[in-house]
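Grab a pencil and work through these exercises one at a time. Try each task yourself before you read its solution.

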There are 2 protein chains.
Amino acid sequence: MELSDYAGLSVKGARLSKADQCNGTETMTSTDSMAQTTRETGTLGKLMVLLDLVTHADTPLRFTDILALTSQPRGTLHRQLSHLVEEGLLELDGDGRYAPGLRLLDFAARSWARNEFRLIAEPHLVELQQATGETVHLGVLRGQSIIYLDKVEGRQPVRMYSQIGNASPCYCTGVGKAALSLLPSENLVDLLAGLSFTSFTASTHASAETLTAEIREIAEQGYAFDREEHEAGIRCVAAPVWSEDRTFIGGISVTGPAYRLSMELLRQWAVPVQLAAARIMEGMRIRLGPRR
Amino acid sequence: MELSDYAGLSVKGARLSKADQCNGTETMTSTDSMAQTTRETGTLGKLMVLLDLVTHADTPLRFTDILALTSQPRGTLHRQLSHLVEEGLLELDGDGRYAPGLRLLDFAARSWARNEFRLIAEPHLVELQQATGETVHLGVLRGQSIIYLDKVEGRQPVRMYSQIGNASPCYCTGVGKAALSLLPSENLVDLLAGLSFTSFTASTHASAETLTAEIREIAEQGYAFDREEHEAGIRCVAAPVWSEDRTFIGGISVTGPAYRLSMELLRQWAVPVQLAAARIMEGMRIRLGPRR
DNA sequence: TCTCGATGTTCCATTATTCGGAACTTAATT
DNA sequence: AATTAAGTTCCGAATAATGGAACATCGAGA
């Protein structure tokens, strides 16, 4: 119900919720451990589950594929998909395959262009990029995921699994762990309880225990590392950033290939990263402080 | 009062949607030719109007602002906004102001990353950029708008959402007019009938008549110009591109400042632009041809 | 060609959700 | 403190979504 609830951004598990609301038990699913309490927002919630399904699929899905994934009555599913297509949120090609709709791009372009947090942070990200020569990210916590709001690359393009708008897990990214270190322990416990840990590399945290320990450490020292936890060969150092009203809880990071970024070098960069973070927060305070 | 009049993607009188463009069985004599029944897709349609309102606003809106814009009952509006917020499509800050939700970014990032048209076109856009040294765009027609799918700039890395994803009018952009030149005259008439012409510059088309004339010309010669019609001092030359099943009707363009791009130079570039367009379509044919 | 099965679409009574007026809280202003 | 504006919650009535089944459509194999 707080800032932790929509399952849409979680890596796995959005599909389960659909199955839940299909059969008997309704309205009484209070605190569920495995499936995060997906509070279906009526009609919209059901449609969003579908939109999630299609946008998360690796390839355009046929009607029957979606039918199998949702186990809904055919007629119902057909109407729901039709509505999504008619609104431009999905597109149906000549082969009867559903793909994400381009209208989503228009929404996102506006969402991004006007985002105050990003606008304020941008110059500081550029500065940090120039100081280090490596790629700089800005991300915020939404649900269990980090959504990357911005990315400033150097000249040498390094192939990385990161892109503006992409949602990444919070438990294996520098920005994610930095963000988690900002949460009150109560909220943190809740969030961790809903996580399912996927081991992307050998270094990825596999349990809430080890993660909690590291987060405590991060909270003390004020910066976080990603020791090739999300992608092999990629390291980063991150610092937490937040807005005063806690609408944005996230972080910034400097990321690069392990062969170039020794842990020692990353440790040296912790201070400039923290400084940039401090400047961003100062910028937010000036810009947004008065009226809160 | 019509609250679906957003300058977004839906056409008022006639929606150029799947129903129309589907296989063989056209000529069903558009059932909604005179009946302006804005077929709102039930609950979803109403919510999308709200989402449009908020994302199109220049600044975050307060509850009362939205209330005034929609003239809905307060209770109803409040519940609708709550649902959108709960799903992460909108965000409500500490001041009670509604802004676009970051979840939209996640959707869009996936929508973009997997878009086949864009993936196929990309290398040809890069090539065209290198040949001309100017900025190259790829856009497709959705409703009355051109949505930019890709942008290749000179030296600077692509700022993902700076232009990509933006919806622009079809009647005053090179890509837009090139796209319109592909439409069957019946569809074109329907679409033009729903347009309202905003004069961005002195050169912007102000009526369907002059626009229709130019589109006819474009259809003959196979390329289009933007003579500072959308933005003063900016010119472009564009060529139409389409996918075989007409799912994508759009174009590519080379854009730049008028002082550097004489009309004569643009005319010379028409051929390379058309060539790039042809290669993209060939790529689509190879990639998607078989199974249609 | 015909039939069969798989896939996709439409229909309609039932059911659940949304609607919207009004009462009820806050928060800001005089 | 009194008053107005702003936002939230409630509940019967209106409306939209549901889901089962009938209706199309298409491909492949007999």
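Before we start, one cut-off: a residue counts as near a strand if one of its heavy atoms lies within 4 Å of it. Also keep in mind that this is a predicted model.

**Exercise 1. Find the residues around DNA strand C that come nearest, and say which part of the DNA the protein meets.**

Step 1. There are 16 residues around DNA strand C, and the ones that come nearest are A:Thr64, A:Arg74, A:His78, B:Thr76 and B:Arg79.

Step 2. Now look from the DNA side. Of the strand C atoms within 4 Å of the protein, 69% belong to sugar or phosphate, and the rest belong to bases.

Step 3. Sort the residues of this surface by class: you get 10 polar, 4 charged and 2 nonpolar.

**Exercise 2. Work out which protein atoms lie by the phosphate oxygens of DNA strand C, and which elements they can be placed among.**

Step 1. Start with the backbone: an N or O atom of A:Thr43 lies 3.1 Å from a phosphate oxygen of DNA strand C.

Step 2. Move on to side chains. An N or O atom in the side chain of A:His78 is 2.9 Å from a phosphate oxygen of the strand, and for a polar side-chain atom of B:Arg79 the distance is 2.2 Å.

Step 3. Zoom out to the elements. Those giving two or more residues to this surface are helices H2 (42–56), H3 (63–70) and H4 (74–86) of chain A, plus helices H2 (42–56) and H4 (74–86) of chain B.

Step 4. Pick the top contributor: H4(B) has the largest share, with 6 residues.

**Exercise 3. Describe how chain A and chain B meet, going from the whole interface down to a single pair.**

Step 1. Count residues: 63 of chain A are in contact with 64 of chain B.

Step 2. Look at area. The two chains bury about 5,700 Å² between them, with 59% of it on carbon and sulfur atoms. On the chain A side, A:Leu102, A:Leu105 and A:Phe107 lose the most area, together 12% of what that side buries.

Step 3. Turn to polar links. Between the chains there are 6 salt bridges and 14 residue pairs in polar contact, both partners at pLDDT 80 or more.

Step 4. See who supplies the chain A side: H5(A) gives the most, with 10 residues. By class, this side has 26 nonpolar, 22 charged and 15 polar residues.

Step 5. Check one salt bridge by eye: the side chains of B:Arg103 and A:Asp52 meet at 2.9 Å, N to O.

Step 6. Go back to helix H5 (residues 103–113) of chain A. It's mostly covered, with 10 of its 11 residues buried. Among them are A:Leu104, A:Phe107 and A:Trp112.

**Exercise 4. Decide whether B:Glu134 is buried or exposed, then describe its surroundings.**

Step 1. Locate B:Glu134: it sits in the loop between helix H6 (116–132) and strand S4 (135–142) of chain B.

Step 2. Compare numbers. Buried means under 20% relative accessible area. B:Glu134 has 9%, so it is buried.

Step 3. List contacts, leaving aside neighbours within four places in sequence: B:Glu134 touches B:Gln129, B:Val152, B:Pro257 and B:Trp269, among others.

Step 4. Look for a polar partner: the side chain of B:Glu134 makes a polar contact with the side chain of B:Arg260, at 2.7 Å.

Step 5. Finish with the backbone: B:Glu134 and B:Gly154 are 20 residues apart along the chain, yet their C-alpha atoms are separated by 6.4 Å.

Note on methods. Residues are numbered from 1 along each chain as its sequence is written. Chains are lettered from A and ligands numbered from 1 in the order in which they are written. This is a predicted model: local features need pLDDT of at least 70, side-chain atom pairs count only at pLDDT 80 or more; totals for chains, interfaces and linings use all residues. Side-chain values use heavy atoms; hydrogens and water are left out. A polar contact is a pair of N or O atoms within 3.5 Å; within protein, one must be able to donate a hydrogen and the other to accept it, and residues adjacent in sequence count only if both atoms are side-chain atoms. Helices (H or I, at least four residues) and strands (E, at least two) are DSSP runs, numbered from the N terminus. Ala, Val, Leu, Ile, Met, Phe, Trp, Tyr, Cys and Pro count as nonpolar, Asp, Glu, Lys and Arg as charged, and the others, Gly among them, as polar. Buried means under 20% relative accessible area, exposed over 50%, partly exposed in between (1.4 Å probe, protein chains only). Contact means heavy atoms within 4.5 Å. Buried area is the accessible area (1.4 Å probe) that two parts lose on being put together, summed over both. A salt bridge is a side-chain nitrogen of Lys or Arg within 4 Å of a carboxyl oxygen of Asp or Glu.
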